[in-house]
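Let's take a walk through a protein model together. Keep the structure open beside you and find each spot as we come to it.

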Amino acid sequence: MALTNDKLVIVGAAGMIGSNMVQTALMMGLTTDICLYDVFSPEGVAEEMRQSGFGDVKITATTDAKEAFTNAKYIISSGGAPRKEGMTREDLLKGNCEIAEGLGKDIKTYCPDVKHVVIIFNPADLTGLVTLLYSGLKPSQVTTLAALDTTRLQSALAKKFGVMQSEITGCATYGGHGEQMAVFGSHVEIDGRKLTDIVGTPEFPAEEWEQMKADVTKGGAQIIKLRGRSSFQSPAYLSVEMIRSVMGGEKFRFPVGTYVCNEKYNHIMMAMDTMLDENGATYKVPQGTPEENAKLDASYEHLCKMRDELVDLGIVPPISEWNKINPNL
């Protein structure tokens, strides 16, 4: 039995990430109503899914925004330009944030009662922020994929110590989804042993830990080198896990990007210590070592610079005017 009969829209469904999201959502049995939307026809993907024999679901495909978003209750969007070798996530800023602006306006026009939106196209912190602003939704209703950084740390440690990833607990990266992220290792345990007790020993020299953290921040670039294209299976799977959690499924296991506005971090989308469930996203500010907290502050400053660049580009107005566009901010 499906978790819901509500309509789920996969944006960018003709692409590699989007088509993987469609298949994953169908395999998880999330809903009886999935719509594939892309500016390039997603009908081929829809036909493959129908021919896979998924029985208790209506699969539609369209290039028309009104048809796609009308009556939508859940949305996952990978509908931006992919990162190519030699590019950073930030290189995609202007073009993909313009796409995010259009997405937000489509949501406000065609499905203002949508329950939750997951944004995964880069730079996700900024595209998510722009989508939230123009959609008119509440901050808890729009989240971004930040878990991929945490799973990269978890997998690196699991490979290093020869254990299953489930035996690596307390892994988290916070702040921006990019090379300025803050890697928190102070809460990590490896098969019951504290990472802080292992780092600096012959088993795991401090230099090796520092190199691992640096490699994690460049994990996406490494996939491009290994595969010749940007990540598509891991972001697809994790983003569908995110939408499953707000549909009433298992609670999401990792940090997500969420809108933050408090006494320390203001008017920004960034990964926090989050809970994602049927009520959407709630967060608390993570606390690590003084060095980790400083890294998080630096990541926030980096995100603020990119947010301010969006103001200079005219994609978003000054923060003082955001409330006029979205009264929830």
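We start at Arg307, which counts as buried, with a relative accessibility of just 7%. The model you're looking at is a predicted one, by the way. Arg307 has a charged partner: its side chain meets that of Asp308 in a salt bridge, with 3.3 Å from N to O. Asp308 is partly exposed, at a relative accessible area of 36%. So what lets two side chains pair up like this? Side chains of opposite charge can do so when their charged atoms come close.

How many salt bridges turn up in the whole structure? A search finds 14 of them. Let's look at a few. In helix H8, Glu210 pairs with Lys213, and their closest N and O atoms are 3.1 Å apart. These two residues sit 3 places apart in the helix, so about one helical turn separates them. Are they buried or exposed? Glu210 is partly exposed, at 41% relative accessibility, while Lys213 is buried, at 15%; the cut-off for buried is under 20%.

Another pair is Glu203 and Arg193, whose side chains meet at 3.0 Å, N to O. This salt bridge links distant parts of the chain: Glu203 is in the loop between helix H7 (195-198) and H8, whereas Arg193 is in strand E11 (residues 193-194), and the two are 10 residues apart. Glu203 is partly exposed, with a relative accessible area of 38%, and Arg193 is partly exposed with a value of 38% too. Salt bridges can also join up into a network, and here one links Glu241, Arg244, Glu250 and Arg253.

Now for some empty space. How do you find it in a protein? Rolling a probe the size of a water molecule over the atoms shows where it is left. Have a look at the second largest pocket, which holds about 540 Å³ of space. Its lining is made up of 22 residues, and Arg152, Lys159, Asp215, Gly219 and Gln222 lie nearest the centre. Helices H6 (147-161), H8 (206-217), H9 (219-227) and H10 (233-246) are the elements that each give two or more residues to this lining. Which of them gives the largest share? That's H9, with 7 residues. Sorted by class, the pocket lining has 8 nonpolar, 7 polar and 7 charged residues.

Since H9 gives so much to that lining, let's stay with this helix. Gly219, Gly220 and Ile224 are buried in H9. If you look down the helix axis, the buried residues of H9 fall within an arc of 150°, so they line one face. What covers them? H6 and H8 are among the parts that do. On the face of H9 turned away from its buried side, you'll find the exposed residues Lys225 and Leu226. Right after H9 comes Gly228, which has a positive phi, near 80°.

Our last stop is Ala13, in the loop between strand E1 (4-11) and helix H1 (16-28). Ala13 counts as buried, at 0% relative accessibility. What does Ala13 touch? Leaving out residues up to four places away in sequence, its contacts are Gly18, Ser19, Val22, Leu36, Tyr37, Asp38, Pro42 and Val45. Take Asp38: in sequence, Ala13 and Asp38 are 25 residues apart, yet in space their C-alpha atoms are 5.7 Å apart.

Methods
Residues numbered from 1 in each chain as written. Predicted model: local features only at pLDDT ≥ 70, side-chain atom pairs only at ≥ 80, totals over all residues. Heavy atoms only, no water. 1 Å grid on protein atoms, 1.4 Å probe; cavity = no way out; pocket = protein on both sides within 12 Å on 5 of 7 lines; lining within 4 Å. Points joined across faces, edges and corners; volume = space filled by probe spheres on them. Helix = DSSP H or I, 4+ residues; strand = E, 2+ residues; numbered from the N terminus. Nonpolar A, V, L, I, M, F, W, Y, C, P; charged D, E, K, R; others polar. Salt bridge = Lys/Arg side-chain N within 4 Å of Asp/Glu carboxyl O. Buried < 20%, exposed > 50% of the residue type's maximum accessible area, 1.4 Å probe, protein only. Arc of directions from axis to C-beta. Contact = heavy atoms within 4.5 Å.
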